[in-house]
Amino acid sequence: MSNQLIVRGAPQEYSCHEGSWSTLPDHLNARKLTKLLVLHGKDSWEAAKPYLPDLSEFDSTYEYYGGVCTDQRTSEVVALFQKSKTEAIVAVGGGKITDLAKQAAHQLRCPVIILPTLASTCAAYTPLSVMYFEDGAMDRFDIFPQANALVLIEPRVILASPRKLLIAGIADTLAKWYEGDAIIRQLDTVPVEVQVAHFAAKQCQENLLTYSYDALAAMDQQELNAAFLTVVETNILLAGMVGGFGDEYGRTAGAHSIHDAITMIPESHHQLHGNKVAYGIFVQLVIEKNLPENEKLLPFYQELELPTCLADMNMHFTEEDYRRVAERATIPEESIHLLAEEISPEIVIAAMKELETFITNKK
């Protein structure tokens, strides 16, 4: 890791409350924006429409994002933006739409405004895009020097989103603590920025273990409560703060390296990002020889129906699969090496197999 910490703490403006989307025209007028490219999904777009304000006073071009976040699709969005001579991108949807919008906005040097319909990642908050290859495997993530211009969260939209996506977001955010702490606790001196990241990461864990059950009950009953709002903002704002203040000390370690590697296996593509990260947390804890923490988390995972092993994801690895995943997880640029100086494919294979045995014995 380098010694050059860069804080990317927050979007330029952020708001989370009932009716926040209705303030979008005021924000656009304050920024003197009149021409918009609105990127959206399909199901999420239908869910969003009742809460969207009247944008008839603005010259808006609407575009389905295409279901992917790739370099090819980014080039197409950039070309559409230039052809329609718009001034800003508005992303309405989940993580891939948001990441596509941020990547295009960076290349165009234009503002990006984000109206998330899910709380499954911190994508709305962070100036970062996860890019994929055309075959669905992860390629890389790009960090941008400019903050997202505006984030407006309408909790009623997220309340009506699929329950499993909030659960995936809970798992992805839980990793902020286990990955961030694994890196930060190795530091002899912890800079103030990293102290903020460490605090935010711990708060992520505490909020989620405390409030997730009541938040999911709110979704079941379709009634907003304080726990639901806490979990939504934990998944988006607090999670974004961990990497935003901690930089490379607060991003990813073992769990996400395991996730990245598993995306090479086609059978994993039907699993949500957060589910694969949940599995990655358990593998990381085994690598760290911290089975007591696996034991502690097991009831929480089971209550939320998060995968604790490969079998829970309907995946059954051959020896070749184990080898491929372990070698991909331990390529030199992967963050798993932040756990320790020497993480080999053999260590990862052994950890994955030990986890299968551990979980089998618990069932």
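# Exercises on a predicted model

At 13% relative accessibility, Phe317 counts as buried. Keep in mind throughout that the model is predicted.

**Exercise 1. Is Phe317 buried or exposed, and which residues is Phe317 in contact with beyond its sequence neighbours?**

Step 1. Place the residue: Phe317 sits in the loop between α11 and α12 (319-329).

Step 2. Apply the cut-off. Buried means under 20% relative accessible area. Phe317 has 13% relative accessibility, so Phe317 counts as buried.

Step 3. List the contacts. Setting aside neighbours within four places in sequence, Phe317 touches Ile265, Leu310, Tyr322, Val325 and Met352.

Step 4. Take one of these partners, Ile265. Ile265 and Phe317 are 52 residues apart along the chain, and their C-alpha atoms are separated by 9.4 Å.

**Exercise 2. How are α10 and α11 oriented to each other, and how are α11 and α13?**

Step 1. Begin with helix α10 (residues 273-287), which packs with α11 at an angle of about 160 degrees, their axes being 8 Å apart. Angles over 145 degrees count as roughly antiparallel, and α10 and α11 are therefore roughly antiparallel to each other.

Step 2. Add the handedness: α10 and α11 make a left-handed crossing. On the α10 side, the contact uses Ala278, Ile281, Phe282, Leu285 and Val286; α11 supplies Leu291, Glu293, Asn294, Leu297, Leu298 and Tyr301.

Step 3. Turn to the other pair. Helix α11 (residues 291-304) packs with helix α13 (residues 345-362) at an angle of about 45 degrees, and their axes are 12 Å apart. These two helices are therefore oblique to each other.

Step 4. Here the crossing of α11 past α13 is right-handed. Leu291, Asn294, Glu295 and Leu298 of α11 meet Glu354, Leu355, Phe358, Ile359 and Lys362 of α13.

**Exercise 3. What is the strand order of the open sheet, and which strands lie at its edges?**

Step 1. Read off the order: the six strands run β1-β8-β5-β4-β2-β3, with parallel pairing.

Step 2. Find the strands that pair on one side only. These edge strands are β1 (13-16) and β3 (59-64). From one strand to the next, the twist averages 15 degrees.

Step 3. Check two pairings. Strand β2 (residues 35-40) joins β3 in the parallel sense over six bridges, and Leu39 has Glu63 in β3 as its bridge partner. Strand β4 (residues 88-93) joins β5 in the parallel sense over five bridges, where Val92 is partnered by Leu115 of β5.

Step 4. Look at how β5 is covered. Five of its five residues are buried. Val112, Ile114 and Pro116 point one way, while Ile113 and Leu115 point the other way. In a regular strand the side chains alternate between the two faces of the sheet.

Step 5. Add a helix. Helix α8 (residues 226-246) lies across β1, β5 (112-116) and β8 (150-153), and runs at about 170 degrees to β1.

**Exercise 4. Which residues have the most contacts inside the largest nonpolar core?**

Step 1. This core has 95 residues, and those with the most contacts inside it are Ile89, Phe228, Tyr279, Ile281 and Tyr301. Helix α6 (residues 163-184) gives the most to this core, namely eleven residues.

Step 2. Set the other core beside it: a separate one has 18 residues, including Leu33, Phe58, Val90 and Val157.

Step 3. Zoom in on Tyr301. Leaving aside neighbours within four places in sequence, Tyr301 is in contact with Leu174, Ala278, Ile281, Phe282, Leu306, Pro307 and Thr308.

Methods. Residues numbered from 1 in each chain as written. Predicted model: local features only at pLDDT ≥ 70, side-chain atom pairs only at ≥ 80, totals over all residues. Heavy atoms only, no water. Core = buried A, V, L, I, M, F, W, Y, C linked by side-chain atoms within 4.5 Å. Buried < 20%, exposed > 50% of the residue type's maximum accessible area, 1.4 Å probe, protein only. Helix = DSSP H or I, 4+ residues; strand = E, 2+ residues; numbered from the N terminus. Contact = heavy atoms within 4.5 Å. Pairing = 2+ DSSP bridges. Axes fitted to C-alpha atoms, helices over the stretch in contact; angles between N-to-C directions. Parallel < 35°, antiparallel > 145°, perpendicular 65-115°, else oblique. Left-handed = near helix turned anticlockwise from the far one by under 90°.
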